[in-house]
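Colleague: Hey, got a minute to walk me through this one? I'm new to reading structures, so keep it simple.

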Amino acid sequence: MLRIRLIEEEIERRYHQDRMKTPIHLAIGQEATAVGCCAAMRDTDLAYASHRTHGLYLAKGGDLKAMLSEMHCRANGCAGSRGGSMHLIDFSVGMAGTSAIVAGSVPCATGAALAARMQGTDRVVAVFFGEAATEEGVLSECLNFAALKQLPIIFFCENNFYSVQSPLAVRQPSRELTRWGEAHAMRAVRVDGTNVLDVYEAAKEAVARAREGAGPTFVEARVYRFRAHGGAGDDSKTGYRDIAERESWEKHCPVEGFYSLIKAASLIDESRREAMQQTILREILEAFEHALSSPDPTEEDLYRHVYAD
Amino acid sequence: MPWDEGLVNSLVYDAPSPTEGRVLAYPKAINEALDLALGRDARVFVLGQGVDDPSAMFGTSRGLKEKYGGDRVFDTPVAEESMMGVSAGAAMNGMRPVFMHNRPDFILLAFNQLVNHAAKYHYMDNGRSIVPMVVWAAIGRGWGSGPQHSQSIQGLLLGVPGLKIVMPSTPHDAKGLLLSSIADNNPVLVFEHRWLMKKDGIVPEGYYTVALGKGIYRRRGADLTIVGASHAIELAQQAANKVAAERIDCEVIDLRTVKPLDHGIIQESLEKTGRLLVVDTSWMMGGVCAEIGCLAAERWIHLLKGPVRRIGLPDVPSPAGFALEQFYYPNVDRISGVIREMFR
């Protein structure tokens, strides 16, 4: 979580330099969901993301250099500069697909779970989406199908209460989001998405159930994004949400919360954290240098891979 | 629908001679392709609304569930968009789905997953994943089902990079093109035509493929090039036969696939004839007719002896009523009329 936070903070710090010509959707404040869930998964299990990809990509073990090259639109980016920050993928660790359409990844992930079943593997799929995805009909279609076929999939809903700048209350009647899962005869649980251990426990159970053929789970994790929907910095001052609301959520920072916990258990101390931080910052610096010194794609690259041979 | 059966049964198709090979009904040719694909490749599966019901998609999917089991041939929820995405996701993960629809109109519900996702993933992840899936549907006509049940939507998809669009016109091609489509590593749409389902043809036994992206001469001639696909080719051939008696010698090119489009065969023919008529089962505006017309203006204008003509649908939704349909759809008389005009 600390590594994801530091990477995103560095991206944010440099974003105004305009060398990363890609939209960014920072997961700062939402690190615990991806980290907790991926910790319960294997490399061979698959993760699918929405547009907010950075956290999940890194939590799943995605290559940092390839990520930063992608964000700098370089030829050696993880998607060859065809995807940008919303389409970070790394098949070597099961970071299998993303979509810039809100619930767009969900059917594809459901199909991946169907394939896992048909191929007789014990692979598990987790698909991450924001709460706004529940408003797109295709999510219900997928919940229905996954429950019908008892597919090995986790529908991981990160409820951060806003779709861009539209609050949940103007988009949905008051109801528990877990009812989306329950309505489709699916096990549904809610967790504190700012607490990585809670997320891990819920994910561990969901993954185990999926792996042993007990079917899908719908997880609602309540979280808060500390930054704007897109771009660098917070945009609460524009008035769509209270600054006080953000500040109260910041007290539930997933990184600091977990640090306090492990510090209290004497698993870490200030100096160890500082050393970790320095190691991570060196890695980040190196990855940025790698990206900035990487070649741009050529005109020929534009025409590659429209069709598969 | 008796009036509809009457219309379809009134079509005059050249009866194939059993001396030339095995005669097979059109749906049976498709059924054979699916059977072969399921039998030779464990990655292939067939899904769709009612794919295992008694009518079995015009008979094309008959018996497959019994033979290959309900895990590989299955009915789906009425959930077009998700099933398109499920097919894409399964395809990206090592499977080869064939997603069948009775009517192309229902594919419109799934454009997000087809256009934004299935068509894009290979490009978007720099060639790492492939999306080998087939989306099959049969274009309607004459069944009184109107604007939302009879559409021919290839034109809407022609401009989407990453997709291939197949439109067979014979039982031989229906089998061979479908087998090619299933073996292809890209999302391929196969648009059949309801009226061709009554056509018999010579269909070889066993596995064979017909290459995607290659047109074929259905008739050789020196005066006029007629280009099209699917049922439009059947009409064009009949019109060509008609005007042959008036010493107009038409060449008929069946494109077989409208995307990728075989530019070479059209140019080769135009170099000889200098006249171009494009026929299509869909709207003329922005579709196959428009694209080929544009290519002619852009690349082959020096070959042309007169204006390009096109025969497709007017810029009007597909009507439901029997009388209106007679004005709406191209027929042999209308095509032969336009051919005559081109030589006036």
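Modeller: Sure, we'll go through some helices, the contact between the chains and a few single residues. One thing up front: this is a predicted model.

Colleague: Okay, start with helix H1 of chain A. How many residues does it have, and how far does it reach?

Modeller: H1 of chain A covers residues 2–15, which is 14 residues. From its first C-alpha to its last it reaches 20 Å, close to the 20 Å expected at 1.5 Å a residue.

Colleague: Which residues of that helix are buried?

Modeller: In H1(A), the buried ones are A:Arg3, A:Ile4, A:Arg5, A:Ile7, A:Glu8 and A:Ile11.

Colleague: And what do those buried residues pack against?

Modeller: The buried residues of H1(A) pack against five helices of chain A, which I'll just list: H2 (31–39), H3 (54–59), H4 (64–71), H10 (254–264) and H11 (270–292).

Colleague: What about A:Met20, where does that one lie?

Modeller: You'll find A:Met20 in the loop between H1 and H2 of chain A.

Colleague: Is A:Met20 buried or exposed?

Modeller: A:Met20 counts as buried because it has 22 C-beta neighbours inside 10 Å, and the cut-off for buried is 20 or more.

Colleague: Which residues is A:Met20 in contact with, leaving aside its neighbours within four places in sequence?

Modeller: Those contacts are A:Ile11, A:Arg14, A:Tyr15, A:Met71 and A:His72. A:Ile11 is also one of the buried residues of H1(A).

Colleague: Let's switch to the two chains. How many residues does each one put into the contact?

Modeller: Chain A puts in 33 residues, and chain B puts in 33 residues. On the chain A side, H5 and helix H6 (137–149) each supply at least two residues. H5(A) gives the most, with 9 residues.

Colleague: What kinds of residues are on that side of chain A?

Modeller: Going by class, the side of chain A that touches chain B has 18 nonpolar, 11 polar and 4 charged residues.

Colleague: I want to hear about H5(A) then. How does it sit against helix H4 of chain B?

Modeller: H5(A) is residues 105–118 and H4(B) is residues 80–92; their axes come within 6 Å and cross at roughly 55 degrees. The two helices are therefore oblique to each other. Their crossing is right-handed.

Colleague: Which residues meet there?

Modeller: From H5(A), they include A:Pro107, A:Cys108, A:Ala109 and A:Thr110, and from H4(B), they include B:Gly85, B:Val86, B:Ser87 and B:Ala88. The residues of this contact divide into 10 nonpolar, 6 polar and 1 charged.

Colleague: And inside chain A, at what angle do H5(A) and H6(A) pack?

Modeller: They pack at about 15 degrees, with their axes 9 Å apart. That angle makes H5(A) roughly parallel to H6(A), because anything under 35 degrees counts that way. This crossing is left-handed.

Colleague: Which residues do the meeting there?

Modeller: A:Val106, A:Pro107, A:Thr110, A:Ala113 and A:Leu114 in H5(A) meet a set in H6(A) including A:Val138, A:Leu139 and A:Phe145. This contact's residues divide into 9 nonpolar, 1 polar and 1 charged. Notice that A:Pro107 and A:Thr110 also turn up in the contact with H4(B).

Colleague: Neat. Over in chain B, where is B:Pro2, and is it buried or exposed?

Modeller: B:Pro2 is in helix H1 (residues 2–9) of chain B. It counts as exposed because it has 6 C-beta neighbours inside 10 Å. Its C-alpha is 9.3 Å from that of B:Trp143, although the two are 141 residues apart along the chain.

Colleague: What kind of peptide bond joins B:Lys259 and B:Pro260?

Modeller: That's a cis peptide bond, with omega at about 0 degrees. B:Pro260 is in the loop between strand E12 (257–259) and helix H10 (263–273) of chain B.

Colleague: Last topic: what is the phi of A:Cys73?

Modeller: A:Cys73 has a positive phi of about 65 degrees although it is not a glycine. It's in the loop between H4 and strand E2 (95–98) of chain A. With 19 other C-beta atoms within 10 Å, A:Cys73 is partly exposed.

Colleague: And what is phi for A:Ala185?

Modeller: Phi of A:Ala185 is near 55 degrees, a positive value in a residue other than glycine. This residue is in the loop between helix H7 (178–183) and strand E7 (187–192) of chain A. A:Ala185 is exposed, with 12 other C-beta atoms within 10 Å.

Notes. Residues numbered from 1 in each chain as written. Chains lettered and ligands numbered in written order. Predicted model: local features only at pLDDT ≥ 70, side-chain atom pairs only at ≥ 80, totals over all residues. Helix = DSSP H or I, 4+ residues; strand = E, 2+ residues; numbered from the N terminus. Expected span 1.5 Å × (residues − 1). Contact = placed C-beta atoms within 7 Å. Axes fitted to C-alpha atoms, helices over the stretch in contact; angles between N-to-C directions. Parallel < 35°, antiparallel > 145°, perpendicular 65-115°, else oblique. Left-handed = near helix turned anticlockwise from the far one by under 90°. Nonpolar A, V, L, I, M, F, W, Y, C, P; charged D, E, K, R; others polar.
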